[in-house]
Every structure is written in structure tokens, then in C-alpha cells.
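Got the viewer open? Here is a short walk through the model, one selection at a time.

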Amino acid sequence: MTFAECMDAIWPLLEIIGKILLVVVPLLVCVAMLTLLERKVIAAMQLRKGPNIVGFWGLLQPFADGLKLLLKETIFPTQANKAVFIIAPMVTFSLALLGWAVIPLSESFVIADINVGILYLFAISSLGVYGIIMAGWASNSKYAFLGAIRSSAQMVSYEVSIGFVIVTVLLMVGSLNLGDVVRAQAGGFWHWHAFGLLFPMFVVFFISALAETNRHPFDLPEAEAELVAGYNVEYSSMSFALFFLGEYANMILMSGMTVILFLGGWHAPFAFLAFIPGVLWFIAKVLFCLFVFIWARATLPRYRYDQLMRLGWKVFLPLSLAWVVLVSGYVVYFRAAS
């Protein structure tokens, strides 16, 4: 086999690896910088400076934190299942990266343009609960186990609502392909799902995303007063850092899903701004969603657990079910007539 034939054979593989690196490397940098952004935004909202010593304007603080965690000793509880104990944070962090395989960053850039992208994303987000359950069980600690049970119940509760919200989107679009979902929202922000019939589902999805990522006001799995930090209480050094980074990577993934499903993806809000590259619009919208994540943490008090469950099962689930019926009727009667 000649060199040219070898290159022809391995070129598709090299192309896929290149696409993966183009997404994963900037994503890891964004996860690190998001920790700084959160501390800076909350500091500004609370009229204080936040990190400002390590590097100019504190920009090197995430790397100093990462180095500190990397150099710390990994401590294993005496009766812990060491294999599961180590695998759990890896599962949590890996799943947060795997979801980006089907997220279209622009009209022409997506790692895997599959026809069931919505189902893939829903499946990946649903698997996140396994890492938390594994961590709570393997730690052999009452507090960690209670935190894992609480977190898994919370995530499963809000996944049901997220599933019905996604059903309403695919009913409107008529396709499971995420590229088709974005193209259906072309033509200005008034065509985006967030500003039309699906506005209540946009609100339900975003609030459910807060619960799914264990963020304020739904950060009950990490309630320090009751659970001494929850399912990750026995973790230290890089194993703890993977949980920490996994949470922030999940924030970015859920923000990306929000942008794709409801905020027009790579499309500009106005036609005269269409000259700006689509990937920049996508990044700007994701940053806006992340700002709202941080804003919620800075301003909202934590829910009680019964309030959390009541909201998920008695408010969001009936509302999302009713909206599935409403959207189905709209698609059948109004679109069929036109």
C-alpha cells in the first residue's frame, strides 16, 4: 500500500480526531475560566472584588486552583470500593464531554451529524445520575450515600419534565436532527422557539436544567448544613476536581442545549447582523445562559426538598404534559390545514 493510499484510509479518522480536539480543548479551557467568571460575577453582585491576585485581574486563578488540586494527596476511605470510587468522577466528567458530539456549533461544524441527535443528548444527560450513585455508594459513608440518593431522586424527577419539553420541540420541528431544529428557527429572533408557542417550555427547560446540574436554587445534594457536602464528601485532590469540573461542563452542555432547542442556535437575532459568524452567535448565547446560571446562584435562596419535589412532579410534569397535547393539536390542525 502506497503512502497516498494509507493517507486516504486514515484521513477520515484524522478528520474526526481534529474535530474532537477543536471542541474538547476549548471546552476544557472554558470550564476552567467559568469557575473564575462565576466568582467574578457573584463578587460584582455582592460589591466585592473576587479573585484578583493570581495573574492580571485574577485570570490565572483557575490554573492555580487546578495545580493545587493536582498536587494534593488522593485519600481513600478505609472501607471504600476503590475501583468504583475512582471510576465515578471519571464517568461524571466524561458524560459532560460526550454530549458535545452532536451539538452543531454552526451550519457546517458538528462532530457527528446524526438523525437522532435529540435522543442522544437526552440519553447522555440521563446517564449522569450513574456517576453520582456510584460515588455515594463506593464512599461507604452515610452522608455521601444520602447525598447520592437525594441527588439521583432530584435528577430523575426533572429528567421527566425535560423529556416532555424535548418532545414538544421535536413535534414543532418534525425532526430529531439538531441541525434541523436550528434551521427551523431561522429568520430572526421572533422565529425562535423561546419567543413563540414554546415559551413556557423554554422556562420549564431552563429551570429543570438548574435542577439537573445541581445548581442554585436546587443544589440540595450539596447542602452543607445537612449532608456535609453531599455525595462527594469523601473525595479529594483530582477525583474531587473531576466532580467539580463535571458540574461546570454540564452547565455549559445544558446551556448549549438551551441555545439549540430554543434560542436559534447559530442564527443571528436580526438579519442585518448575519455577517457575524454563526459560531460567535452560538458562543454569545451560551455565555448569556451561563450568566443566568450564575445570577440565580447569587440571588435565589435554596429550596426545601419537599418544595423541590413538588415543583417537579406537581407543576412541571402536568404543565409539560399539557403542552405536549397542545402542541400536538396545533401541529395536526393548523399546520395540516395550511
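Start by selecting Arg302: with a relative accessibility of 31%, Arg302 is partly exposed (buried means under 20% relative accessible area, exposed over 50%, and partly exposed in between, with a 1.4 Å probe and protein chains only). You'll find Arg302 in the loop between H10 and helix H11 (305–337). Helices here are DSSP runs of H or I with at least four residues, strands are runs of E with at least two, and the numbering goes from the N terminus. Now add Ser139 and draw a distance between the C-alpha atoms: Arg302 and Ser139 are 26 Å apart in space and 163 residues apart in sequence.

A word on what you're looking at: this is a predicted model, where local features need pLDDT of at least 70, side-chain atom pairs count only at pLDDT 80 or more, and totals for chains, interfaces and linings use all residues. Residues are numbered from 1 along each chain as its sequence is written, and side-chain values use heavy atoms, with hydrogens and water left out.

Zoom out and switch to cartoon. The chain has eleven helices and zero strands. How far does the C-alpha trace span along its principal axes? About 65 × 65 × 45 Å. The radius of gyration is 21 Å, which agrees with the value near 20 Å for a compact globule of 338 residues; that radius is taken over C-alpha atoms, and the globule rule is 2.2 Å times the number of residues to the power 0.38. Colour by burial and 48% of the 338 residues come out as buried.

Contacts are next, meaning heavy atoms within 4.5 Å. Of the contacts in the chain with a separation of 6 or more, 77% are between residues 24 or more positions apart.

Stay in helix H11 and select Ser320. Is Ser320 buried or exposed? Its relative accessibility is 0%, so Ser320 counts as buried. Show what surrounds it: leaving aside neighbours within four places in sequence, Ser320 is in contact with Ser161, Phe164, Val165 and Met201. Try a C-alpha distance from Ser320 to Met201 as well; these two are 119 residues apart along the chain, yet 6.9 Å separates their C-alpha atoms.

Another serine to click on is Ser125, in helix H4 (residues 117–138). Ser125 is buried because its relative accessibility is 12%. Which residues does Ser125 touch, not counting those up to four places away in sequence? Glu159 and Glu212.

Now for the rings. Select Phe, Tyr and Trp: the whole structure has 18 aromatic pairs. Rings (for Trp, the six-membered one) pair if their centres lie within 6.5 Å; planes under 30 degrees apart count as stacked, over 60 as edge-to-face and the rest as tilted. One of the pairs is Trp192 with Phe195, which is tilted, at 6.1 Å centre to centre with 40° between the planes. Trp192 is buried, with a relative accessible area of 8%, whereas Phe195 is partly exposed at 49%.

Jump to Phe206 and Phe293 for an edge-to-face pair, so called because the planes are at 65°, with the ring centres 5.2 Å apart. Phe206 sits in helix H7 (residues 199–212) and Phe293 in helix H10 (residues 278–299), so this pair ties together parts that are 87 residues apart in sequence. Both Phe206 and Phe293 are buried.

Go back to Trp192 and widen the selection: Phe189, Trp190, Trp192, Phe195 and Phe270 are linked into a cluster by ring pairs.

Last, a few backbone stops. Select His216 and Pro217, which are joined by a cis peptide bond with omega about 0°. Pro217 is in the loop between H7 and helix H8 (224–227).

Then try Leu47, which is not a glycine but has a positive phi of about 60°. Leu47 lies in the loop between helix H1 (3–45) and helix H2 (61–71), and its relative accessibility of 80% makes it exposed.

Finish on Asn140, another non-glycine residue with a positive phi, near 55°. Look for Asn140 in the loop between H4 and helix H5 (142–173).
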